[in-house]
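Colleague: I am new to this structure and would like a close look at how its chains are put together. Please take one part of it and stay with that part for a while.

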Number of protein chains: 4
Amino acid sequence: MLKVGLLGAGRIGQVHAVNIANNPRSTLVAVSDVFEEAATKLAAAHGADVRSSEDILADPSIDAVLIATSTDTHSNLIEAAAAAGKAVLCEKPVDLSLERARACQAQVKASGRPVMIGFNRRFDPNFKALKDASTRGEIGKSELLSVTSFDPAPPPVSYIKVSGGLFRDMMIHDFDMANFLMGERPVSLRAVGSSVVDPEIGAAGDVDTAVVVMTYADGRIAVIKNSRRAVYGYDQRVELLGAEGLLQANNMLENTMVKSTAAGVSSAKPTYFFLERYMPAYAAEWEAFVSAVLDGTDLPVTLDDGIDALAMAEAATHSARTGKTVDLTL
Amino acid sequence: MLKVGLLGAGRIGQVHAVNIANNPRSTLVAVSDVFEEAATKLAAAHGADVRSSEDILADPSIDAVLIATSTDTHSNLIEAAAAAGKAVLCEKPVDLSLERARACQAQVKASGRPVMIGFNRRFDPNFKALKDASTRGEIGKSELLSVTSFDPAPPPVSYIKVSGGLFRDMMIHDFDMANFLMGERPVSLRAVGSSVVDPEIGAAGDVDTAVVVMTYADGRIAVIKNSRRAVYGYDQRVELLGAEGLLQANNMLENTMVKSTAAGVSSAKPTYFFLERYMPAYAAEWEAFVSAVLDGTDLPVTLDDGIDALAMAEAATHSARTGKTVDLTL
Amino acid sequence: MLKVGLLGAGRIGQVHAVNIANNPRSTLVAVSDVFEEAATKLAAAHGADVRSSEDILADPSIDAVLIATSTDTHSNLIEAAAAAGKAVLCEKPVDLSLERARACQAQVKASGRPVMIGFNRRFDPNFKALKDASTRGEIGKSELLSVTSFDPAPPPVSYIKVSGGLFRDMMIHDFDMANFLMGERPVSLRAVGSSVVDPEIGAAGDVDTAVVVMTYADGRIAVIKNSRRAVYGYDQRVELLGAEGLLQANNMLENTMVKSTAAGVSSAKPTYFFLERYMPAYAAEWEAFVSAVLDGTDLPVTLDDGIDALAMAEAATHSARTGKTVDLTL
Amino acid sequence: MLKVGLLGAGRIGQVHAVNIANNPRSTLVAVSDVFEEAATKLAAAHGADVRSSEDILADPSIDAVLIATSTDTHSNLIEAAAAAGKAVLCEKPVDLSLERARACQAQVKASGRPVMIGFNRRFDPNFKALKDASTRGEIGKSELLSVTSFDPAPPPVSYIKVSGGLFRDMMIHDFDMANFLMGERPVSLRAVGSSVVDPEIGAAGDVDTAVVVMTYADGRIAVIKNSRRAVYGYDQRVELLGAEGLLQANNMLENTMVKSTAAGVSSAKPTYFFLERYMPAYAAEWEAFVSAVLDGTDLPVTLDDGIDALAMAEAATHSARTGKTVDLTL
């Protein structure tokens, strides 16, 4: 039984708390949050204690911590937790600074502790089915990947300003998805972005619509499309063209009802929010972490994966600003 | 080259004229119609002559006739054409009277001439793909057939009154579809009908919504659903459940566009009219007739098939009135 | 907070236990089962006590019981629980004997206690969306209902023999679905059944494939199709044709991946098992029960609904044996 | 009645011949081809004369010519035909040399004759429905366009060598589609290409897989993906994200049959070949040309459109070679 401390009792921390509690091989023993009320409420719901992060990390009876705090605290907490001997699952991104993240990576490596980054989409049953089919060779050698990832609505501009920008905050998931599905890192990257959705986002120095094209050493190509606004819901799709076919992972719909009238045929929208779409993915992610830690097997997503995606986000930010292609092999 | 006389220049005659003209192995030489203007116009469009039905049947240079006249003339024209040595393709139904149709059947058999009934839906690429998959054993032994057949809008009550009723006029196509897909005739039949769409249809002694359930000697079951009104278009679907799977043939849509907005996801309706849905089927039907006649192979649909469907329509009409199950083995 | 005793710790009892525990307004306090080991294990997982049914019913601190025992005990337990002042949610069917069920109905009515029958499909989000759209008048007046309900594989013949037969055991859900969607009871019913899937089922006196057609006082028609075997998964669909359109509720699929190769286009199957398909429905059903009991509102499904469906199952069993139409108004 | 001379009796010339003959307002009077046998056969099938191109252009009784000859003859024939006073419909591309095409453009402008370029996909009912919905404002302001265009199989390398390369030969259609759907020309373009499908294509100096990203003056973005090989058929799809929704135009399928077995759910592939997919588009294109010429209305696609797409193909060829972004405003 994995004894777990949860750092961060916000929206995503609450999701993790349920998965920690429901998993038969893990138990939630302590919760910390800078807002004590949030920690208190969440701890009560799961019979856990409210404690400070420091206390949790210092407690030798706690095996693992889940870091769901604000991004600016991730690197420090990862380092402290690894130093304290904990197994760690940390929400993405590792850091907004690639340099800081690499320092963290070095320290973690020295500690030898398992640190997993929460790229939950790898555990989505639809994307996983696509990955598995690709791995089984069902479409032969892959050639052209296309990732579509649109949020239902843009966050407040106040959030945009501290987010690190679309490439680090939003497309980082898609960079990891590309690494997951292509099985290696790209060698070049070029990015285009604009604030066609909301000029306020542009005024804040960020983009809301972006396309990145990446190439691979063996000639393969990947395209990622992002938009901060798809009014019909959370649009999360992947297509992989291979020598022997095409794999597509499509959206989950709210229900299966279809209505046909003189006005046309209508059906349900994609699930609106990332929590609806990825709830099963979060549970599967936690299960994968617990299994890897308790059974001593390889982590399915590593801190290195988090660094790779962050490096791509940094390159894309640069490319979108300069219009230049970035060589990722340097 | 098959020289063809077309009897009847109405809506369906016009469809056939194009197919006769476009087929590289047939040519339209003469057209007749009780409305001479219709015949004149259609003949002119295809470089054919306007002649009387009698003239066409008496002309030894004409190999085949296509009968697309009103239903009450079908039996007489089939008999006369077969007696005159023509190959015949006649629109359904053979007759509104099963007794009269059986007399016609006897006379045709004596003539030895090929007479095909125009059950065009057997040639629809979707239903044909289903039949072929079933024949290839892709779902094992068939067990339960379901035919959905809805018209977009009811015909005028004046037509209803002379139509022979829904079972003979509309469901006769579906009875033939059941015979086609199940490969044998049912042993029992029960029918339910009502005029829930339009009470005027009920007042005219007919039904506009009906369900027929049939059983087969080996325990298989078939269900046919008819409605005179589906405001979203011409709804023509078939499902066949077998020991090893399910086959479904779905509607053709007007186009493949999908629109997703905050109001929902919408797509195109089924094609609205039987001519849109079945245009390729009419061409394939004619091709099959030409091939069978010129190459001396078996007709894909026979006069006997027309009689079988008519007998089932008669039984359904009786069952819907009396509430009784009809034994079709007698 | 509703304090709940669970009678029956088998497969379906386990599903209910999770929902009782997860619902913020209910708590599982006791579990009983004739197999004490099953009760012990389930109770332990939820921090509940193992007690006898008698003890649970006699405990005034328990507000409600959920009856998930074998069918032959339902009537007795419903009566005893109502007499003990409990609110009751009982799995379908009320009883295999319509007469016994009606006696139970009378006694419950006298008690004044709320008794709900577990027709979980009413709470399926897809069927519920269809019902809601129909209620909002989105397709005008309904005319023709079609329910398709196929199990993935037949149960053992030993189960068939004690099941009460397909109409009472399996189609009873679809009878309730028809009552739910049509908003009233039918006036006539005719049934056809055969053992085309497995002759052993026929030898045991039951059918494995069946179709029922029902008519309503205002001319509407409903068709239900059942098969004990659909090798591709649990096939649960509904279609409702109305004056202004068609509503369809389709299957849930295992995932959204689509593969296109030279061999064709393939996608995921329907979820294979009723627990996968209806898990959200069971949770919603329990939530509806808790709300009704705690807030004093009307039960969404009543014991009367259970009796109605049972009466239709009995009529169908009779009709399938005799070939006669059953008048349900008598 | 438009009297038409057809220059070129190859595969695409034959398609046009049927549309010219079937259109009630046009008639095919003469056919030319460097292979006289091809011209003879096609002319015979439509009751037209075989003549040289010079003869056809010199004949004042011929109103219009359709140019379906090899690409290297297009510019010369367009100029000669316009000089001879003909209305012209010419297959794409105008020329492989942008410079030569611009000279042709200048000469045509001086002649004042209508010259239309055969971007048939604008007339595809699916893409047209998308364009119409966009024009009606159904998704608000457009923001992000995505065009997927995969051929079923690469052409022979011998063809590749004279084709002008993927961007001029294949993606030129998609450049026109972007111009059609976005309603204006892009301001920047960057291209990536590789020969991941077949190294022989790379050895011949071309690419077989390519992605182009374009930006527009108002911040909008368009992505085009091309592959010379999609073994499942001709994959032609468009997606347009707007402020108020998403429009998608999907593939046409061979039929509507769906098969569900224990192995999965399978359906028909996209139509395999461009002639199957775009047959209705070619007929609609011709109808649009005939209407514009006879009724004196604007051509739906102009020679300028052909030049625009060619300029984009040239820019993409350059960008893919250099890795640089091309400024299209210069």
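Modeller: In this predicted model, 100% of the interface residues of chain D are also interface residues in chain A, so the copies meet through the same surface. Between these two chains, 30 residues of chain D are in contact with 30 residues of chain A. On the side of chain D that touches chain A, at least two residues each come from strand 7 (142–150), strand 8 (188–194), strand 9 (209–215), strand 10 (221–227) and strand 12 (245–249) of chain D. By residue type, that side of chain D divides into 14 nonpolar, 10 polar and six charged.

The placement of the two chains can be stated in a few numbers. Chain D is superposed on chain A by a rotation of 180° with 0.0 Å of shift along its axis, and the RMSD is 0.0 Å. The two copies are thus related as by a two-fold rotation axis. Lys324(D) is the residue of chain D that comes closest to the rotation axis, with its C-alpha at 3.6 Å.

Chain C also meets chain A. A turn of 180° and a shift of 0.0 Å along the axis lay chain C on chain A with an RMSD of 0.0 Å. Here again, 100% of the interface residues of chain C are also interface residues in chain A, so the copies meet through the same surface. This contact takes 23 residues from chain C and 23 residues from chain A. Helix 6 (125–135), strand 12 (245–249) and strand 13 (257–261) of chain C are the elements that give two or more residues to the side of chain C that touches chain A. The residues on that side of chain C are 11 nonpolar, nine polar and three charged.

Strand pairing also crosses from one chain to the other. Strand 13 (residues 257–261) of chain A runs antiparallel to strand 12 of chain C, and five bridges join them. One such pair can be named: Val258(A) has Gln248(C) in strand 12 of chain C as its bridge partner.

Staying with chain C, strand 10 (residues 221–227) can be followed residue by residue. Seven of its seven residues are buried, so strand 10 of chain C is largely enclosed by the rest of the structure. Ile221(C), Val223(C), Lys225(C) and Ser227(C) point one way from the strand, Ala222(C), Ile224(C) and Asn226(C) point the other way, and all are buried. Strand 10 of chain C has a parallel neighbour in strand 7 (residues 142–150) of chain C, to which seven bridges join it. In that pairing, Leu144(C) stands opposite Ile221(C). With strand 9 (residues 209–215) of chain C, strand 10 pairs in the antiparallel sense, over seven bridges. There, Lys225(C) is the bridge partner of Val211(C). Strand 9 and strand 10 of chain C form a hairpin with five residues between the strands, and in this hairpin Gly219(C) takes a positive phi near 95°.

Chain C has another sheet to look at. It is an open sheet of six strands in the order 3-2-1-4-5-6, with parallel pairing. Its edge strands are strand 3 (49–50) and strand 6 (115–117) of chain C, each of which pairs on one side only. Strand 4 (residues 64–67) and strand 5 (residues 87–90) of chain C run parallel and are joined by four bridges, and Val65(C) stands opposite Val88(C) in strand 5.

Helices lie across these strands. Helix 4 (residues 74–83) of chain C crosses strand 1 (2–7), strand 4, strand 5 and strand 6 of chain C, running at about 165° to strand 5. Helix 11 (residues 274–295) of chain C lies across strand 1, strand 2 (26–32), strand 4, strand 5 and strand 6 of chain C, running at about 130° to strand 1.

Helix 12 (residues 303–322) of chain C has 20 residues, and from its first C-alpha to its last it reaches 29 Å, close to the 28 Å expected at 1.5 Å a residue. Helix 12 of chain C is mostly covered, with 14 of its 20 residues buried. Just after helix 12 of chain C comes Gly323(C), which takes a positive phi of about 80°. In chain B, 14 of the 20 residues of helix 12 are buried, so that helix is largely enclosed by the rest of the structure. Gly323(B), just after helix 12 of chain B, takes a positive phi of about 80°.

Methods
Residues numbered from 1 in each chain as written. Chains lettered and ligands numbered in written order. Predicted model: local features only at pLDDT ≥ 70, side-chain atom pairs only at ≥ 80, totals over all residues. Pairing = 2+ DSSP bridges. Contact = placed C-beta atoms within 7 Å. Axes fitted to C-alpha atoms, helices over the stretch in contact; angles between N-to-C directions. Buried ≥ 20, exposed ≤ 12 C-beta atoms within 10 Å, placed from the backbone. Nonpolar A, V, L, I, M, F, W, Y, C, P; charged D, E, K, R; others polar. Least-squares fit on C-alpha atoms with pLDDT ≥ 70 in both. Expected span 1.5 Å × (residues − 1).
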